[in-house]
Every structure is written in structure tokens, then in C-alpha cells.
Amino acid sequence: MYGILRPGGNYHCYNVVGDCCFDLTSEQFGDEAKDLVYENNPEQYREIHFAKEEKRQRYEMLKSELNKWCDQE
């Protein structure tokens, strides 16, 4: 997981698997999404990212939904 530094100091996170970049939430930025740069961003570590309980809960919900979609639950 990597993060794009946003105004205000927060990071917008996305995933990289092999040579493929996956940003499943870029639509939240509307027209600004086209300006997101997915190169040379810092890696986001789980321990730091999940220090905020709200972020851990969001991750668990997304993981659950993805498992349902993949029929692996």
C-alpha cells in the first residue's frame, strides 16, 4: 500500500501488485482524480495506518466485501 500526500497532510492510499496499480477509491476526488500521481510515493505501513481505529474498521469492511465478491468467504 502506498500513499499520495494530500493537502492537509493526509494520505490517499492505493495498492500496487506487481506492475499494476489499484486505486479503488479515486472517484472520491471527482475531477481531481485525473491529477493523482501514482509514482514515487511513500509506502504506507499497516501498523501506522491502522493506528486510527476508523481506518482499521474501513479496511475490515472493504476486506469483507471483497471476500464476498470473490466468493471466498
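User: How do β1 and β2 pair, and over how many bridges?

Analyst: In this predicted model, β1 pairs with strand β2, which covers residues 11-17, in the antiparallel sense, and the pairing runs over four bridges. Among the residues involved, Tyr-2 has Tyr-14 as its bridge partner in β2, while Leu-5 stands opposite Tyr-11 in that strand.

User: What about the turn between β1 and β2, which residue takes a positive phi there?

Analyst: The hairpin of β1 and β2 has five residues between the strands, and Gly-8 takes a positive phi near 95° in it.

User: And how do β2 and β3 pair?

Analyst: They also pair in the antiparallel sense, here over three bridges, and one of the partnerships links Asn-15 to Phe-22, which lies in β3. The hairpin of β2 and β3 has two residues between the strands, and within that hairpin Gly-18 takes a positive phi near 60°.

User: So in what order do the strands sit in the sheet?

Analyst: The three strands form an open sheet in the order β1-β2-β3, with antiparallel pairing. The strands at the edges are β1 (2-5) and β3 (20-22), and each of them has a single partner strand, so one side of each is left without a neighbour in the sheet. From one strand to the next, the twist averages 35°.

User: Zooming out, what pattern does the protein follow along the sequence?

Analyst: Read along the sequence, the pattern is β-β-β-α-α, which corresponds to two helices and three strands in the protein. The C-alpha trace spans about 35 × 25 × 25 Å along its principal axes, and of the 73 residues, 22% count as buried.

User: How much area does the protein expose, and what share comes from carbon and sulfur atoms?

Analyst: The protein exposes about 6,100 Å², of which carbon and sulfur atoms supply 51%. On the contact side, if one takes the contacts between residues at least 6 apart in sequence, 37% of them join residues at least 24 apart.

User: Which residues make up the largest nonpolar core?

Analyst: That core has five residues, namely Ile-4, Tyr-14, Phe-29, Ala-33 and Leu-36. As general background, nonpolar side chains in soluble globular proteins tend to be buried together.

User: What does Phe-29 touch, leaving aside its neighbours in sequence?

Analyst: Once the residues within four places in sequence are set aside, Phe-29 is in contact with Arg-6, His-12 and Leu-36. A related set of contacts belongs to Ser-26, which touches His-12, Ala-33, Leu-36 and Tyr-38, again not counting residues up to four places away in sequence.

User: Where is Ser-26, and is it buried or exposed?

Analyst: Ser-26 has its place in the loop between β3 and α1, and it counts as buried at 18% relative accessibility, because the cut-off for buried is under 20% relative accessible area.

User: What else is in that loop, say Asp-31?

Analyst: Asp-31 is in the loop between β3 and α1, where α1 covers 46-49, and Asp-31 is exposed, with a relative accessible area of 69%. The C-alpha atoms of Asp-31 and Gly-3 are separated by 19 Å, the two residues being 28 residues apart along the chain.

User: And Asn-40, what is its phi?

Analyst: Asn-40 has a positive phi of about 60° although it is not a glycine. For context, most residues other than glycine have a negative phi. Asn-40 is found in the loop between β3 and α1, and at 81% relative accessibility it counts as exposed.

User: Switching to rings, how many aromatic pairs are there?

Analyst: The count comes to three aromatic pairs. In the pair of Phe-50 and Tyr-59, the ring centres are 4.9 Å apart and the planes are at 45°, so the pair is tilted.

User: Are Phe-50 and Tyr-59 buried or exposed?

Analyst: Phe-50 is buried, with a relative accessible area of 17%, whereas Tyr-59 counts as partly exposed at 25% relative accessibility.

User: Which tyrosines form an aromatic cluster?

Analyst: Tyr-2, Tyr-14 and Tyr-38 form one aromatic cluster. Two of these residues came up earlier, since Tyr-14 is the bridge partner of Tyr-2 in β2, and Tyr-14 also belongs to the largest nonpolar core, while Tyr-38 is among the residues that Ser-26 touches.

Notes. Residues are numbered from 1 along each chain as its sequence is written. This is a predicted model: local features need pLDDT of at least 70, side-chain atom pairs count only at pLDDT 80 or more; totals for chains, interfaces and linings use all residues. Side-chain values use heavy atoms; hydrogens and water are left out. A nonpolar core is a set of buried Ala, Val, Leu, Ile, Met, Phe, Trp, Tyr and Cys residues joined through side-chain atoms within 4.5 Å. Buried means under 20% relative accessible area, exposed over 50%, partly exposed in between (1.4 Å probe, protein chains only). Contact means heavy atoms within 4.5 Å. Rings of Phe, Tyr and Trp (its six-membered ring) pair if their centres lie within 6.5 Å; planes under 30 degrees apart count as stacked, over 60 as edge-to-face and the rest as tilted. Two strands pair if DSSP finds at least two bridges between them. Axes are lines fitted to C-alpha atoms, for helices over the stretch in contact, and angles run from 0 to 180 degrees between N-to-C directions. Accessible areas come from the Shrake-Rupley method with a 1.4 Å probe; for residues, only the protein chains shown count as cover.
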